[in-house]
Amino acid sequence: MAEPVLASPHAESKRPFLTEQRRSRITAYTFISPFFILFSIFGLYPIFFTFYLSFFKWDALGPMKYVGFKNYDLITSDPTFWISFSNTLIMGLMGTVPQIFLALLLAVLLHSGMTKFKKTFRILYFMPNITSIVAVTLVFSTLFGNNGMINWLLNGVGLDSMAFNSGWWGVKIAISTMVMWRWTGYNAILFLSGLQSIPMDLYESARIDGANRRQQLISITLPLLKPFIIFVTLQSTIGALQLFTEPYVFLGQSGTGSTRQEGITMVTYLYSEAFRNGFFGTAAATAVMLFLVTILFSVLNMLISRGGRETGGKKA
Amino acid sequence: MSTLRIFRKKPDDLGLFGKLGFYFVLILGALVSVFPFYWMFVVGTNDKGAVFHVPPLLTIGDQFFVNFKRVLEKADFFQALGNSLFVSSMVTISVVFFCTLAGYAFAKYEFPGKNMLFIFVIATLIVPQQLGVLPTYVIMAKLHWIDSFKALVVPAMVNAFGIFWMRQYISAAVPTELIEAGRIDGGGHFRIFWNIAVPVITPAMATLGILNFMTVWNDFFWPLVVLKNKEHYTIQIALQQLFTTRDGLDYGMIMSATFTATLPLLIVFLLFSRWVIAGLTSGAIKS
């Protein structure tokens with residue numbers, strides 16, 4: 001606020017230190033500084049420290065002891081780590097792949113089938129996403145109980161009950177269902193906004209050329225929707241790798257059950273190593289592994305989508 | 001109306017049966033989306049055994065207050081609700097303010113390193129939260145912020161998504177000439193921001209505020225890590241605690257609590273749904 005007073009007398013004589021340009025630069029840096037300050041302390045520094053920490057034995061209280069790669073040896077020779085790893089991938093696939101197809105289907109239907117209740121449907125489909133994951137998990141744990149509604153339905157169509165809260169596959173199905181319920185509508189709305197951004201005259205000229213509905217879908221809708229599909233897939237993949245609350249709450253009924261093997265994920269493993277067992281070193285190593293897996297999947301995602309783009313380009 | 005549509009007017013008109021199929025799938029999807037909310041209420045208003053009633057009970061009962069009384073015996077429900085309200089409001093006010101400032105700077109100022117810094121902001125979006133969790137916990141311990149709301153509020157006071165989103169909106173909605181005119185009239189930088197830019201971008205700020213409020217309100221992992229004392233629990237932790245009672249699960253109680261905790265957010269969402277959805281979709285497209 002004192003700046004104008006400082007600047008004006010100088011402006012008369014010689015070139016002032018606080019020129020208009022300098023002042024506006026300082027203002028801009030000030031405006032963006034909160035993010036960079038907070039991110040340095042609570043984002044960047046912790047990330048580097050995690051890598052550093054993964055080479056030490058530490059209980060977060062006493063002195064740190066350098067152990068080299070021992071933490072990585074420890075977790076990679078722990079069967080529970082590998083179970084958490086494969087669980088994360090299996091539940092990630094089960095929750096993400098059908099979800100994206102369903103979301104696409106819903107978006108296409110919503111876009112082309114009718115326009116009348118579009119707004120209402122959008123709100124209804126989005127509702128699961130605003131609910132807390134804890135609430136979602138609690139509701140689904142009643143539906144997936146031994147005598148719960150899902151088993152009642154299964155029996156109704158002549159199938160056997162499934163142990164959704166203790167079986168190897170049961171737990172995974174239950175948890176993937178929760179993930180799907182929460183995110184399918186959200187993704188459908190993203191896809192819908194993508195569909196709405198495609199110009200209608202493309203369809204009109206295709207129709208004039210005699211393209212039927214299926215051909216239009218394959219050669220106009222899907223290629224133009226591709227950025228959205230890539231975005232949603234990437235976001236879902238990253239989200240799936242960080243799965244924590246659903247298994248933690250769903251399997252936590254007895255208080256200690258959150259690390260039960262049927263549903264332990266990489267983040268649950270990390271959490272229990274650090275905050276239950278006090279092994280910050282191995283937990284840090286787990287975090288690094290999680291990060292590497294995330295990078296790997298993001299790169300895979302990019303490569304696959306780039307490959308697709310090239311073939312798409314040739315067609316067009 | 002639909003009888004006329006049986007005769008296909010356009011080559012890709014689906015006809016009556018196609019339309020019925022569309023409706024069927026769309027309505028089924030909507031029912032699946034909404035049913036758990038209804039079920040929450042059904043269980044919360046019926047007595048203990050209602051969850052596993054065969055065939056499933058689908059009618060609303062009158063036991064809601066009886067169930068909810070047991071919630072109040074087991075947990076400081078309203079305290080937890082108040083804690084969540086406090087934390088979410090503090091974070092939201094701060095996020096909206098700082099992200100708008102930063103977004104404004106990125107949209108309307110020229111300064112060395114601008115593009116690089118903005119790309120950096122975007123890049124931070126892909127780093128998983130869990131990667132920095134352990135050192136952040138240690139920092140909190142060093143600052144003696146464990147079990148305090150500061151641990152929840154301070155690290156969340158500004159975020160990359162908000163900056164990105166405000167920048168996009170400000171670039172499009174605030175005319176640069178207006179800002180220049182303000183400068184020529186001798187207005188200070190912050191004064192121009194406050195009096196010229198902010199009034200124009202209030203809708204975007206509101207959307208960011210609601211989206212952010214919901215995210216903080218629903219967060220579970222970080223509060224679980226830093227909060228130790230019952231009286232500091234946020235509502236999510238309090239709900240989860242109700243679920244860990246060892247002496248048999250009282251679903252009537254749990255669901256009456258879950259429903260009560262979900263209701264405020266649901267109402268806010270239904271009131272502002274158009275903004276929320278617009279915010280969601282416009283934030284996601286550009287990457």
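User: In which hand does helix 12 of chain A pass helix 6 of chain B?
Analyst: Helix 12 of chain A and helix 6 of chain B meet in a crossing with a definite hand. This is a predicted model. The crossing is right-handed.

User: Are helix 12 of chain A and helix 6 of chain B roughly parallel or oblique to each other?
Analyst: The axes of helix 12 (residues 266-276) of chain A and helix 6 (residues 133-142) of chain B come within 11 Å and cross at roughly 30°. Angles under 35 degrees count as roughly parallel. The two helices, helix 12 of chain A and helix 6 of chain B, are therefore roughly parallel.

User: How many residues of the contact of helix 12 of chain A with helix 6 of chain B are nonpolar?
Analyst: From helix 12 of chain A come L270(A), A274(A) and F275(A), and they meet V133(B), L134(B) and Y137(B) in helix 6 of chain B. No residue of this contact is polar and none is charged. The number of nonpolar residues is six.

User: Which residues of helix 4 of chain B make the contact with helix 2 of chain A?
Analyst: Helix 2 (residues 20-53) of chain A and helix 4 (residues 77-108) of chain B have axes that come within 8 Å and cross at roughly 130°. On the side of helix 2 of chain A, the contact is made by A28(A), F31(A), I32(A), P34(A) and F36(A). Helix 4 of chain B supplies F98(B), L101(B), A102(B), Y104(B), A105(B) and F106(B).

User: Which residue of chain A forms a salt bridge with R183(B)?
Analyst: Across the interface of chain A and chain B, the rule finds one salt bridge. The closest N and O atoms of this pair are 2.6 Å apart, and a salt bridge requires such atoms to be within 4 Å. The partner of R183(B) is E20(A).

User: How much area do chain A and chain B bury between them?
Analyst: The contact takes 93 residues from chain A and 97 residues from chain B. Of the buried area, 81% is on carbon and sulfur atoms. The total is about 8,500 Å².

User: How many charged residues are in the contact of helix 5 of chain B with helix 8 of chain B?
Analyst: Helix 5 of chain B contributes F118(B), V121(B) and I122(B), while helix 8 of chain B contributes A160(B), I163(B), F164(B) and R167(B). The residues of this contact include six nonpolar and no polar ones. The number of charged residues is one.

Notes
Residues numbered from 1 in each chain as written. Chains lettered and ligands numbered in written order. Predicted model: local features only at pLDDT ≥ 70, side-chain atom pairs only at ≥ 80, totals over all residues. Heavy atoms only, no water. Axes fitted to C-alpha atoms, helices over the stretch in contact; angles between N-to-C directions. Helix = DSSP H or I, 4+ residues; strand = E, 2+ residues; numbered from the N terminus. Contact = heavy atoms within 4.5 Å. Parallel < 35°, antiparallel > 145°, perpendicular 65-115°, else oblique. Left-handed = near helix turned anticlockwise from the far one by under 90°. Nonpolar A, V, L, I, M, F, W, Y, C, P; charged D, E, K, R; others polar. Buried area = accessible area lost by both parts, 1.4 Å probe. Salt bridge = Lys/Arg side-chain N within 4 Å of Asp/Glu carboxyl O.
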